[in-house]
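Visitor: Before we look at it together, could you explain as you go what each term rests on?
Guide: Gladly; here is the model.

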Amino acid sequence: MSLFLPVVVGSTFDSSETSKHVPQTSLVIVVEASNAMGDQKRHKILMVSDFFYPNFGGVENHIYYLSQCLLKLSHKVVVLTHAYGNRSGVRYMTGGLKVYYIPWKPFLMQNTLPTFYGTLPIMRTILIREKITLVHGHQAFSTLCHEALMHARTMGYKVVFTDHSLYGFADVGSIHMNKVLQFTLADVSQAICVSHTSKENTVLRSGLPPEKVFVIPNAVDTAMFRPAPEKLSQDEIVIVVISRLVYRKGADLLVEVIPEVCRLFPNDLVRFIVGGDGPKRVRLEEMREKNSLQDRVEMLGAVPHARVQSVLISGHIFLNSSLTEAFCIAILEAASCGLLTVSTRVGGVPEVLPDDMIVLAEPDPSDMVRAVTKAISILPKIDPQFMHLQMKKLYSWHDVAKRTEIVYDRALGCPNQNLLDRLSRYLPCGSWAGKLFCLVMIIDFLFCCLLQLWQPAEDIEEAPDFSLPNSQCPEFKEGGSLRSRRVSS
């Protein structure tokens, strides 16, 4: 039984850039008085990551669309991230998605400064206020994610971790990150990776038992990424590159590939559109000047997410030169727009698309030029509308949410453990690291006990569960897009 209160709360999302993608709807507050059986089936999930809107990227999109689909499945979802500029406090997004922007400022690459215990008081309050049953952290680079999983396990919550990236084993940064990941995942309930390659990488880096790791791929909003209404003329082949112009994304490869392709196809038969920004942009501009390719290489700079589709549909081929990828969402977006993809054969990329939608190459300039040449030769056989329909069948956020729901059920079925049982998981992490990890967890436990004495859980006011009635919930079109439906008067 639910009690409907006719209270309208206006969305406080004021970012003009975000509003292009996140419809700002009015929220009708619903105070739910669910029976015990309904509460058992309904998960109350806290999504945690340093990476969320108004920032844009693969992790941000994943959290947003997964949360919306879980809301559609009648689960409660709350997102926890750090403050972005003056965006601090509690905000509501489409579908009644509640977001806590805690007053922590990023200090490096949108990551907050590691505090170990500084976030425990506010996280404890949110967990109790929202009556959370499970914490889901995203991205190994996220400091907030690691701290949230640590505090949640100390408080007895079940936790799930999703890894979105691949990491090496030899350089100093990777060694440090792998040790941190080993600490975090030593006591995790279940883990999710976005590709089988990513699963192998995570298991090797963290020592997590493979049976605890599930593979659930990303998806794409096929209603947003549609092909052009009419097939483009192939008198001039347009190759599109949209990526952060950094070393990891293979910007140095582009510097060598683009001039060679232009040399093989003279008379302006091939033209490049490069979207994105980063430290390697200077090298690309120098290459363009050195080879006099100003008329054949267009540099767009940073492309807002709202414009990505319009840039993609102006081309025939999408070129991805990444040196490492767990799962490349950009490839899905390009294929959904009907572009044939040429990509480096790295990480989880070979798992993303069928062979008739992608031409793979080794991360070597000569092999990439060969792959681009092959793609141009088979381009007349490509039907953009057929590719779009195939992407609708292959990738759906609904399917991602339902598979994630199974992982949540598995996590909540894990037995509860006391502090001593949990400490035994940290000791094997290393002769010195294991003891250090145990000390960190003991201090976290004592701090949590101190907070319980200072502010007992029963003194923390619980927030009512707000949700939209079914007639006003965001409705997904076929393919996974969100749109809002208002209640008729």
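Guide: Helices (H or I, at least four residues) and strands (E, at least two) are DSSP runs, numbered from the N terminus, and two strands pair if DSSP finds at least two bridges between them. This is a predicted model, in which local features need pLDDT of at least 70, side-chain atom pairs count only at pLDDT 80 or more, and totals for chains, interfaces and linings use all residues. Residues are numbered from 1 along each chain as its sequence is written, and side-chain values use heavy atoms, with hydrogens and water left out.

Visitor: What makes β5 and β6 a pair?
Guide: Five bridges link strand β5 (residues 89-93) to β6 in the antiparallel sense, and because two bridges are enough for a pair, the term applies. Gly89, for instance, has Tyr101 as its bridge partner in β6. In the hairpin of these strands, three residues lie between β5 and β6, and Gly95 takes a positive phi near 80°.

Visitor: Which strand runs parallel to β6?
Guide: That is strand β4 (residues 76-82), joined to β6 by five bridges, with Val99 of β6 as the bridge partner of Val79.

Visitor: Why is His388 called buried?
Guide: Buried means under 20% relative accessible area, exposed over 50%, and partly exposed in between (1.4 Å probe, protein chains only). His388 has 4% relative accessibility, and therefore counts as buried. The residue lies in helix α12 (residues 384-394), and its side chain reaches the backbone oxygen of Ser336 at 2.8 Å. That distance meets the cut-off for a polar contact, which is a pair of N or O atoms within 3.5 Å; within protein, one must be able to donate a hydrogen and the other to accept it, and residues adjacent in sequence count only if both atoms are side-chain atoms.

Visitor: How do you know that helix α10 is largely enclosed by the rest of the structure?
Guide: Seven of the eight residues of α10 (residues 329-336) are buried, so the helix is largely enclosed; among them are Ile329, Leu332 and Ser336. The cover over these buried residues includes α2, α9 (305-312) and α12, where contact means heavy atoms within 4.5 Å.

Visitor: What makes a set of residues a nonpolar core?
Guide: The set must consist of buried Ala, Val, Leu, Ile, Met, Phe, Trp, Tyr and Cys residues joined through side-chain atoms within 4.5 Å. The largest such core here has 99 residues, and Phe52, Ile258 and Leu312 have the most contacts inside it. Helix α2 (residues 58-72) gives the largest share, eight residues.
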